[in-house]
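Here is a quick walk through one model, written for someone who likes to check contacts and torsions by eye. Have the viewer open and follow along.

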Amino acid sequence: QVQLVESGGGLVQAGDSLRLSCAASGRTSSVDAMGWFRQAPGKEREFVAAIRWSPDRTSYADFVRGRFSISRDNAKNTVYLQMNSLKPEDTAVYYCAALRSWVTQRVAYWGQGTQVTVSS
């Protein structure tokens with residue numbers, strides 16, 4: 001089992017920045033990568049970004065490329081999502097995920113989610 005705890009969400013204005021954190025505990029060696037997904041009201045959950053524990057590899061959805069950055073601190077088993085130039089359409093619940101495989105990006109575990117609201 002892997003437990004994921006997100007933090008860092010909140011209410012910001014368009015153009016502002018936020019950093020989300022996801023602390024992983026438990027059998028973290030059983031997962032290959034970590035990722036962030038989001039779900040806006042009335043929409044399906046969508047992929048945002050992912051990072052492999054090792055080797056260093058990242059992946060981004062086109063709609064956040066250049067604005068969001070995913071990073072990790074292996075010593076702390078923590079993954080971060082730095083979100084810059086936020087837009088109202090970025091409003092969603094953001095979920096941290098532990099991915100069983102980098103190749104398939106199949107989600108093995110989900111966090112509880114953290115709300116991000118961007119006002120115009």
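## The disulfide

Let's start with the sulfurs: Cys 22 and Cys 96 are joined by a disulfide, with an S to S distance of 2.0 Å. Keep in mind that this is a predicted model. The disulfide count comes to one. In general terms, a disulfide is a covalent bond between the sulfur atoms of two cysteines.

The torsion about the S-S bond of Cys 22 and Cys 96 is about -80°, so this disulfide is left-handed. Cys 22 belongs to strand S3 and Cys 96 to strand S9, so the link ties together parts that are 74 residues apart in sequence. Both Cys 22 and Cys 96 are buried.

## A four-strand sheet

Cys 22 also has a partner across the strands: Glu 6 stands opposite Cys 22 in S3. That pairing is between S1 and S3, which run antiparallel and are joined by six bridges.

Zooming out, there is an open sheet of four strands in the order S1-S3-S8-S7, with antiparallel pairing. S1 and S7 sit at the edges with a single partner strand each, so one side of each has no neighbour in the sheet. From one strand to the next, the twist averages 20°.

## Two nonpolar cores

Now for the packing. The largest nonpolar core has 31 residues, and the members that touch the most others are Leu 4, Met 34, Trp 36, Leu 81, Met 83 and Tyr 94. Several strands give two or more residues to this core, among them S1 (2-7), S3 (18-26), S4 (33-39), S8 (78-83) and S9 (92-99). S5 (46-52), S7 (68-73) and S11 (114-119) are also on that list.

There is a second, separate core of six residues, including Ala 50, Ala 97, Leu 99 and Trp 102.

## S5 and its partners

What makes S5 count as largely enclosed by the rest of the structure? Five of the seven residues of S5 are buried, so the strand is largely enclosed.

On one pairing, S4 and S5 run antiparallel and are joined by six bridges. Within that pairing, Arg 38 stands opposite Glu 46 in S5. The hairpin of S4 and S5 has six residues between the strands, and Gly 42 there takes a positive phi near 80°.

S5 also pairs with strand S6 (residues 58-60) in the antiparallel sense, over three bridges. Ala 49 has Tyr 60 in S6 as its bridge partner. S5 and S6 form a hairpin too, with five residues between them.

## Aromatics around Phe 37

The model holds three aromatic pairs. In one of them, Phe 37 and Phe 47 meet edge-to-face, at 5.6 Å centre to centre and 75° between the planes. Phe 37 is in strand S4 and Phe 47 in strand S5, so this pair ties together parts that are ten residues apart in sequence. Phe 37 also forms an edge-to-face pair with Trp 110, at 5.1 Å centre to centre and 70° between the planes. Here the reach along the chain is 73 residues, because Phe 37 lies in strand S4 and Trp 110 in strand S10 (residues 107-110).

Phe 37 or Trp 110: which counts as buried and which as partly exposed? Phe 37 has 11% relative accessibility, under the 20% cut-off, so it counts as buried. Trp 110 has 39% relative accessibility and counts as partly exposed.

Phe 37, Phe 47, Tyr 95 and Trp 110 make up one aromatic cluster. Arg 45 joins the scene as well: its charged end sits over the ring of Tyr 95, 3.7 Å from the ring centre. Arg 45 also lies over the face of Trp 110, at 4.4 Å from that ring centre.

## Two positive phi values to look at

Most residues other than glycine have a negative phi. Against that background, check Ser 85, which is not a glycine and has a positive phi near 50°. Ser 85 is found in the loop between S8 and S9. With a relative accessible area of 41%, Ser 85 is partly exposed.

Gln 105 is another non-glycine residue with a positive phi, this time about 55°. The loop between S9 and S10 is where Gln 105 lies. Its relative accessible area is 22%, so Gln 105 is partly exposed.

Methods. Residues are numbered from 1 along each chain as its sequence is written. This is a predicted model: local features need pLDDT of at least 70, side-chain atom pairs count only at pLDDT 80 or more; totals for chains, interfaces and linings use all residues. Side-chain values use heavy atoms; hydrogens and water are left out. A nonpolar core is a set of buried Ala, Val, Leu, Ile, Met, Phe, Trp, Tyr and Cys residues joined through side-chain atoms within 4.5 Å. Buried means under 20% relative accessible area, exposed over 50%, partly exposed in between (1.4 Å probe, protein chains only). Two strands pair if DSSP finds at least two bridges between them. Axes are lines fitted to C-alpha atoms, for helices over the stretch in contact, and angles run from 0 to 180 degrees between N-to-C directions. Rings of Phe, Tyr and Trp (its six-membered ring) pair if their centres lie within 6.5 Å; planes under 30 degrees apart count as stacked, over 60 as edge-to-face and the rest as tilted. A charge sits over a ring if NZ of Lys or CZ of Arg is within 6 Å of the ring centre and within 35 degrees of the ring normal. A disulfide is a pair of cysteine sulfur atoms within 2.5 Å.
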